[in-house]
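Student: I have a protein model to go through and I'm new to this. Can we look at it together?
Tutor: Sure. Let's put it up.

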Amino acid sequence: MIKKTELPNRLDVLMNMLRPVEVFIDVGSDHGYASAYALENDLADRVIATDIHALPAERTAKYFEKQGLSDRTRVFCNDGLRSLQVHANDAVLIAGMGGYEIMHILEEALSEGAVEMGAEFLLQPQRSFRELREFMARKGIQIRDERIAEDKNKFYVGILAVYTGKVYQTDMISAVLGPVILEKRPLYFEPFIRDRWKTLKKEVLGQPELRPVLEYVEKVIQTL
Ligand SMILES: C[S@@+](CC[C@H](N)C(=O)[O-])C[C@H]1O[C@@H](n2cnc3c(N)ncnc32)[C@H](O)[C@@H]1O
């Protein structure tokens, strides 16, 4: 009997936002856990996993074999979404990378016309949230949900978005902190916002344009 994949909290919270899709595309799959979880929990019919490095790609393929999932998966050693098509009923996961790396992957796929409208994205950048959310607004990648995960006193933000192609405006506060996080105040909002306050206090020294965000966070903290 094969034991189902258990995800670290960071990925579990992210994958909880996914509705069932045809193809789940795992960019930077590394171990392949998120993809295996998607198949084992009927969240996807098929999986395409890619990793830029050969070793993680091999690790992913081996894990799929161990879990008995090889016939529903394809693994490539590939940069981002290169040479792949993302259809309307598909979802792309890009987690555990910097915001700029995620933007590079999305930019390339969009500029090649490789993404159909309606395709979903599950994104978990490690940094550069503001830049990533501003990029998404410029490209018409609409944020639908955001959740916070906590792991060893570190907070991870996951974003579920859909490609609509409709460009929209975002303000600095939403771009830095997350529009859904501010509106819905999901689980871990309070420790997350206190943690952001500490970081913003330092960031504002080098980036004075962040001062209104810091002041906003201070007001929010007073209401908690
Ligand atoms: C820190 S791991 C994260 C793995 C997994 N996505 C997670 O969140 O647990 C990042 C993985 O992304 C891969 N990677 C980095 N840049 C990439 C790119 N442009 N295209 C595909 N894979 C990439 C790395 O080789 C590494 O295996």
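Student: How many bridges join strand 1 to strand 4?
Tutor: Four bridges join strand 1 (residues 21-27) to strand 4, and the two run parallel. Strands here are DSSP E runs of at least two residues, helices are H or I runs of at least four, and both are numbered from the N terminus. Two strands pair if DSSP finds at least two bridges between them. One bridge pairs Asp26 with Leu93 in strand 4.

Student: Before we go on, what sort of model is this?
Tutor: This is a predicted model: local features need pLDDT of at least 70, side-chain atom pairs count only at pLDDT 80 or more, and totals for chains, interfaces and linings use all residues. Residues are numbered from 1 along each chain as its sequence is written, and side-chain values use heavy atoms, with hydrogens and water left out.

Student: OK. What joins strand 4 to strand 5?
Tutor: Six bridges do, and these strands run parallel too. Strand 5 covers residues 120-125. Ala91 has Glu120 as its bridge partner in strand 5. Met97 stands opposite Pro125.

Student: Why is strand 4 largely enclosed?
Tutor: Six of its seven residues (91-97) are buried, so the rest of the structure largely encloses strand 4. Buried means under 20% relative accessible area, exposed means over 50%, and partly exposed is in between (1.4 Å probe, protein chains only).

Student: What's the strand order in the whole sheet?
Tutor: The order is 3-2-1-4-5-7-6. That is seven strands in an open sheet with mixed pairing. Strand 3 (73-77) and strand 6 (141-151) stand at the edges with a single partner strand each, so one side of each has no neighbour in the sheet. On average, neighbouring strands are turned by 15 degrees against each other, direction ignored. Axes are lines fitted to C-alpha atoms, for helices over the stretch in contact, and angles run from 0 to 180 degrees between N-to-C directions.

Student: And the helices? Which strands does helix 5 lie across?
Tutor: Helix 5 (residues 129-139) lies across strand 5, strand 6 and strand 7 (154-163). Helix 5 runs at about 5 degrees to strand 7. Its buried residues include Phe129, Leu132 and Phe135. Gly140 follows helix 5, and its phi is positive, near 75 degrees.

Student: Is Glu131 in that helix buried or partly exposed?
Tutor: Glu131 has 25% relative accessibility, so it counts as partly exposed.

Student: What is Glu131 in contact with?
Tutor: Tyr100 and Met103, leaving aside neighbours within four places in sequence. Contact means heavy atoms within 4.5 Å. The C-alpha atoms of Glu131 and Ala175 are separated by 7.5 Å, though the two are 44 residues apart along the chain.

Student: New topic: the ligand. How many residues surround it?
Tutor: There are 18 around the ligand, with Arg10, Asp51, Asp79, Gly80 and Glu101 the closest. A residue is near a molecule if one of its heavy atoms lies within 4 Å of it.

Student: Which atoms of Glu101 and Gly28 lie by a ligand nitrogen?
Tutor: For Glu101, a polar side-chain atom lies 2.8 Å from a nitrogen atom of the ligand. For Gly28, a backbone N or O atom lies 2.9 Å from a ligand nitrogen.

Conventions. A polar contact is a pair of N or O atoms within 3.5 Å; within protein, one must be able to donate a hydrogen and the other to accept it, and residues adjacent in sequence count only if both atoms are side-chain atoms.
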